[in-house]
Amino acid sequence: SQIETAPLNRMPVQTYVMERKEKLIKEIIERELGRNGQVFYLYNFVDTIEDVAAHIQSLVPHARLCVGHGRLSKDQLDKKIQDFIDFKYDVLICTTIIETGIDIPNVNTLIIMDADHFGLSQLYQIRGRVGRGTHQSYCVLSSQEKDNMRLNVMCKTNNGFEIAQADLAQRGTGDLIGTKQSGENKYVELMLRYPKFYAKIKAKVKEMIEQSNMLR
């Protein structure tokens, strides 16, 4: 099955690449707080995440910050997330714990630090945590690389099918049976390149199998 349309009243997330500058981060957070929204600040290094949170707090002293990561106990993490949902905090400094299962319509800005370290499919999944309400949402990809192929794709489209195709083109298909997760597989490439032709072959093979079973 394919879901080709977003839920009603949702606007495409505007996505940008930015250099890692404190002034820009401060402005982005303050802009979101100025319209009474909330922010996800994704920093995926647990060992230094508390230091980063303290630094962000110094940049935006009036912001209510909390920190969430996988080393917290389930109860601790659940409480942090629930308090954030209840708008007791403005900014959640977090790791990729938000990647799935988080639906907070009031979070309209997502900042991903070192975004060039992530793959396309994961960036797409994480970006799906914003843009879940009726307000314009933003995804900011902070990267040392100014011209990164994956990040450029994220800025150009919100279409998951196009992003999946770009991911396939960049990484290759890998093995259908085996452990290789990248590289070319000529059979899969042909299936994807000629989907209508592949569908006809698939239907014909199914028909041949059914006829063979009837002849037994």
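**View 1. Phenylalanine 40, a buried residue in a predicted model.** Start with phenylalanine 40, which is buried, with a relative accessible area of 0%. Keep in mind throughout that this is a predicted model. The ring of phenylalanine 40 pairs with that of phenylalanine 84 in a tilted arrangement, 5.7 Å centre to centre and with 35° between the planes. Phenylalanine 84 counts as buried too, at 0% relative accessibility. Phenylalanine 40 belongs to strand E2 (residues 38–42) and phenylalanine 84 to helix H3 (residues 74–85), so the pair ties together parts that are 44 residues apart in sequence. Searching the whole structure turns up two aromatic pairs, and the one shown here is the Phe40 and Phe84 pair.

**View 2. Strand E2 and the strands it pairs with.** How many of the five residues of E2 are buried? Five of five, so E2 is mostly covered, given that buried means under 20% relative accessible area. Gln38, Phe40 and Leu42 sit on one side and Val39 and Tyr41 on the other, with both faces covered. That fits a general pattern: in a regular strand the side chains alternate between the two faces of the sheet. E2 pairs with strand E5 (residues 107–112) in the parallel sense over five bridges, and with strand E4 (residues 91–94), again in the parallel sense, over four bridges. Looking at single residues, the bridge partner of phenylalanine 40 in E5 is leucine 110, while in E4 phenylalanine 40 stands opposite leucine 92. Next along E2, valine 39 has threonine 109 of E5 as its bridge partner.

**View 3. The whole sheet and two helices packed on it.** Pull back a little and there are six strands forming an open sheet, ordered E1-E6-E5-E2-E4-E3, with parallel pairing. Strand E1 (14–18) and strand E3 (65–68) are at the edges with a single partner strand each, so one side of each has no neighbour in the sheet. On average, neighbouring strands are turned by 20° against each other, direction ignored. Helix H3 lies across E2, E3, E4 and E5 and runs at about 145° to E3. Helix H5 also packs on the sheet, where H5 touches E1 and E6 and makes about 150° with the direction of E1.

**View 4. Edge strand E3.** E3 pairs with E4 in the parallel sense over four bridges. One of the matched residues is valine 67, whose bridge partner in E4 is isoleucine 93. Leu65 and Val67 point one way from E3, Cys66 and Gly68 point the other way, and all are buried.

**View 5. The largest nonpolar core, and a second one.** Which of the 28 residues in the largest nonpolar core touch the most other members? They are Phe40, Leu92, Ile98, Leu110, Ile112, Leu123 and Leu141. E2, H3, E4, E5, helix H4 (120–127), strand E6 (138–142), helix H5 (149–156) and helix H6 (160–171) each supply at least two residues of this core. A separate core of 22 residues includes Ile25, Val60, Leu65 and Val91. For a look at one member of the largest core, take isoleucine 98: leaving out residues up to four places away in sequence, isoleucine 98 touches Phe40, Leu42, Leu92, Leu110, Ile126 and Arg129.

**View 6. Leucine 33 in helix H1.** Leucine 33 lies in helix H1 (residues 22–34) and is buried, with a relative accessible area of 17%. Setting aside neighbours within four places in sequence, leucine 33 is in contact with Val39, Val60, His62, Ala63, Asp90 and Val91. By contrast, the C-alpha atoms of leucine 33 and threonine 15 are separated by 18 Å, with the two positions 18 residues apart along the chain counted as their separation.

**View 7. Two arginines over rings.** Arginine 31 lies over the face of tyrosine 138, at 4.4 Å from the ring centre. Arginine 64 does likewise with phenylalanine 87, at 5.1 Å from the ring centre.

**View 8. Two loop residues with positive phi.** Asparagine 36, in the loop between H1 and E2, has a phi near 65°. Aspartate 114, in the loop between E5 and H4, has a phi near 50°. Most residues other than glycine have a negative phi. Are these two buried or exposed? Asparagine 36 counts as exposed at 51% relative accessibility, whereas aspartate 114 is buried at 12%.

Technical notes
Residues are numbered from 1 along each chain as its sequence is written. This is a predicted model: local features need pLDDT of at least 70, side-chain atom pairs count only at pLDDT 80 or more; totals for chains, interfaces and linings use all residues. Side-chain values use heavy atoms; hydrogens and water are left out. Rings of Phe, Tyr and Trp (its six-membered ring) pair if their centres lie within 6.5 Å; planes under 30 degrees apart count as stacked, over 60 as edge-to-face and the rest as tilted. Buried means under 20% relative accessible area, exposed over 50%, partly exposed in between (1.4 Å probe, protein chains only). A charge sits over a ring if NZ of Lys or CZ of Arg is within 6 Å of the ring centre and within 35 degrees of the ring normal. Two strands pair if DSSP finds at least two bridges between them. A nonpolar core is a set of buried Ala, Val, Leu, Ile, Met, Phe, Trp, Tyr and Cys residues joined through side-chain atoms within 4.5 Å. Contact means heavy atoms within 4.5 Å. Axes are lines fitted to C-alpha atoms, for helices over the stretch in contact, and angles run from 0 to 180 degrees between N-to-C directions.
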